[in-house]
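Got your viewer open and a selection box ready? Let's take a walk through this one, stop by stop.

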Amino acid sequence: MNDPFDLRLSRRALLRHLAVAAGATAALPLPGRAALASSGGAPAGTASKAALQYQDQPRGTSACANCANFIAGEDARAPGHCIIVAGDISPRGWCLAYAGNG
Ligand code: SF4
């Protein structure tokens, strides 16, 4: 049987954790918060396109749309995001961090 005092402590601990999480989100710089919101909650990457030799064209059959790191946009042709590379990412793009089957 649960002790009501333990439940109060648990609830207090949960509220404390929620407050910390809310504070961490508020502490994100505005571009970070915008990227998080536009990616449906998944954090967008921070690596530069240049560092990973990102290009707007696929490399053979390898493209962002079939990469495990891709966060799809609103539809199949819309730019999305990437959990590795910063900025808008074309579903037809490619970079050195490609992780897919193509
Ligand atoms: S190919 Fe590169 S830029 Fe495209 S989704 Fe994969 S890791 Fe991101």
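The tour starts with the whole chain and then moves to the ligand and a few single residues.

**Whole protein.** Keep in mind that this is a predicted model. Show it as a cartoon and pick out two helices and two strands. Coming from the N terminus, you meet them in the order α-α-β-β. Now switch on a surface: about 7000 Å² of the protein is exposed, with carbon and sulfur atoms supplying 60% of that area. Of its 102 residues, 23% count as buried. If you like contact maps, take the contacts between residues at least 6 apart in sequence: 66% of them join residues at least 24 apart.

**The ligand.** Select the ligand next. What is the space it takes up? That space is the largest cavity. Show the surrounding residues as sticks: Tyr 54, Cys 64, Cys 67, Asn 69, Phe 70, Cys 82, Val 85, Trp 94, Cys 95, Ala 97 and Tyr 98. Colour this shell by class and you get 10 nonpolar residues, one polar residue and no charged ones.

**Cys 95.** From that shell, click on Cys 95. You'll find Cys 95 in the segment after β2, the strand that spans 81-82. Is Cys 95 buried or exposed? Its relative accessibility is 8%, so it counts as buried, the cut-off being under 20%. Leave out the neighbours within four places in sequence, and Cys 95 is in contact with Leu 52, Gln 53, Tyr 54 and Val 85. Of these, Tyr 54 and Val 85 also turn up around the ligand. Draw a distance between the C-alpha atoms of Cys 95 and Val 85: the value is 8.8 Å, for two residues 10 apart along the chain.

**His 81.** Move on to strand β2 and select His 81, which lies in it. His 81 is buried as well, because its relative accessible area is 13%. For another distance, try His 81 to Cys 64: their C-alpha atoms are 9.3 Å apart, with their positions 17 residues apart in the chain numbering. Cys 64 is one of the residues surrounding the ligand.

**Gly 60.** The last stop is in the loop between α2 (30-38) and β1 (70-71), where you should select Gly 60. How does its accessibility class come out? Gly 60 counts as exposed, because its relative accessibility is 68% and the cut-off is over 50%. Finish with a C-alpha distance from Gly 60 to Trp 94: 9.6 Å, for residues 34 apart along the chain. Trp 94 takes you back to the ligand, as it is among the residues around it.

Key: Residues are numbered from 1 along each chain as its sequence is written. This is a predicted model: local features need pLDDT of at least 70, side-chain atom pairs count only at pLDDT 80 or more; totals for chains, interfaces and linings use all residues. Side-chain values use heavy atoms; hydrogens and water are left out. Helices (H or I, at least four residues) and strands (E, at least two) are DSSP runs, numbered from the N terminus. Buried means under 20% relative accessible area, exposed over 50%, partly exposed in between (1.4 Å probe, protein chains only). Contact means heavy atoms within 4.5 Å. Accessible areas come from the Shrake-Rupley method with a 1.4 Å probe; for residues, only the protein chains shown count as cover. A residue is near a molecule or strand if one of its heavy atoms lies within 4 Å of it. On a 1 Å grid over the protein atoms alone, a cavity is a set of points where a 1.4 Å probe fits but cannot get out, and a pocket is an open set with protein on both sides within 12 Å along at least five of seven lines; lining residues have an atom within 4 Å of a point. A molecule sits in a cavity or pocket if more than half of its atoms lie within 2 Å of its grid points. Ala, Val, Leu, Ile, Met, Phe, Trp, Tyr, Cys and Pro count as nonpolar, Asp, Glu, Lys and Arg as charged, and the others, Gly among them, as polar.
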